[in-house]
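Hi,

Here is the structure we talked about, with my notes underneath. Have a look at it first, then read on.

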Amino acid sequence: MTAAKYQRILLKISGELLAGDQGYGIHPKILDDVANEIKSVVDLGVEVAIVIGGGNIFRGIAASANGMERASADYMGMLATVLNALALQNALEKKGVHTRVQSAIEMRQLAEGYIRRRAIRHLEKKRVVIFAAGTGNPYFSTDTAAVLRAMEIGAAVIMKGTKVDGIYEADPVTHPTAKKFNELPFLSVLNQNLKVMDSTAITLCMDNDLPLIVFNMKEPGNLLRVVQGDPIGTLVTTGRS
């Protein structure tokens, strides 16, 4: 088997990915598929940290949250990410993958509190660490939380698993002729307002020279191929050699 190009990665998964075609909630088959993808990388000896969004749960009730104070809505979204983290933990543990969930909001009965050094120690022991509850602060997305955690644990790269195979100049669903980028500098993502991550997350990546790879997580074996260095998806860098 080809050796891994990256020793420690931060994988960002959207909540919507776990929902599948049903649009909300957690699809058991997709959850199992995601766990298999992660296991294949762990078996290669890669240290894996994960951040999952909560859109599959919270956006399902977002309509009823119209007019709600932003901070309250954000805290509800953070709790949704905890549900996803616990579900993924269960799916991974069933496959013999040792995991820890660390939450930015204290809930001792369910998860460890986030402690950077402890997270790094878990990774060194080849445990998958799932970071839940975002940054623990409202007004910050899970994309920003993923970049922040990636920098704190010294990840070599942040990988964003999505439902499309990279970054396009326009939505490939509504614009079938849209051009796909194989490589892109962070400045172009910001200047062209490409909806990859929010601008805070992209700026954090750029300022700290943290490469980002956007790829299709639904394609079996893709995560393993990306970790092994195959040119899949879109690589976003500072553009400096």
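Let me start with the rings: there is one aromatic pair in the structure. Its members are Tyr114 and Phe131, and because their ring planes sit at 80°, with the centres 5.5 Å apart, the pair counts as edge-to-face. Tyr114 is in the loop between β4 (112–113) and α5 (116–124), while Phe131 belongs to strand β5 (residues 128–132), so the contact joins distant parts of the chain, 17 residues apart. Phe131 is buried, at 3% relative accessibility. Before you read too much into any of this, keep in mind that the model is predicted.

Arg149 is worth a click as well. It lies over the face of Tyr114, 3.7 Å from the ring centre. Its charged end also sits over the ring of Phe131, at 5.9 Å from the centre.

Now the salt bridges, of which the count is 12. Here are a few of them.

- Arg8 and Glu47: their side chains meet at 2.7 Å, N to O. Arg8 is in strand β1 (residues 8–13) and Glu47 in strand β2 (residues 47–52), so this bridge ties together parts that are 39 residues apart in sequence. Arg8 counts as buried at 15% relative accessibility, and Glu47 is buried too, at 9%. Lys126 comes into the picture here, since a network of salt bridges links Arg8, Glu47 and Lys126.
- Lys160 and Asp143: the closest N and O atoms are 3.3 Å apart. This one links distant parts of the chain, with Lys160 in strand β6 (residues 157–162) and Asp143 in helix α6 (residues 142–153), 17 residues apart. Both Lys160 and Asp143 are buried.
- Arg108 and Glu106: the side chains meet in a salt bridge at 3.1 Å, N to O. Are these two buried or exposed? Arg108 is exposed, with a relative accessible area of 71%, and Glu106 is exposed as well, at 59% relative accessibility.

Last, a pocket. The second largest pocket holds about 190 Å³ of space. It is lined by 13 residues, and the closest to its centre are Gly229, Asp230, Pro231, Ile232 and Leu235. By type, the lining of this pocket splits into six nonpolar, four polar and three charged residues.

That's it from me; shout if anything is unclear.

Cheers

Notes. Residues numbered from 1 in each chain as written. Predicted model: local features only at pLDDT ≥ 70, side-chain atom pairs only at ≥ 80, totals over all residues. Heavy atoms only, no water. 1 Å grid on protein atoms, 1.4 Å probe; cavity = no way out; pocket = protein on both sides within 12 Å on 5 of 7 lines; lining within 4 Å. Points joined across faces, edges and corners; volume = space filled by probe spheres on them. Nonpolar A, V, L, I, M, F, W, Y, C, P; charged D, E, K, R; others polar. Phe/Tyr/Trp six-rings, centres within 6.5 Å; stacked < 30°, edge-to-face > 60°. Helix = DSSP H or I, 4+ residues; strand = E, 2+ residues; numbered from the N terminus. Buried < 20%, exposed > 50% of the residue type's maximum accessible area, 1.4 Å probe, protein only. Lys NZ or Arg CZ within 6 Å of the ring centre and 35° of its normal. Salt bridge = Lys/Arg side-chain N within 4 Å of Asp/Glu carboxyl O.
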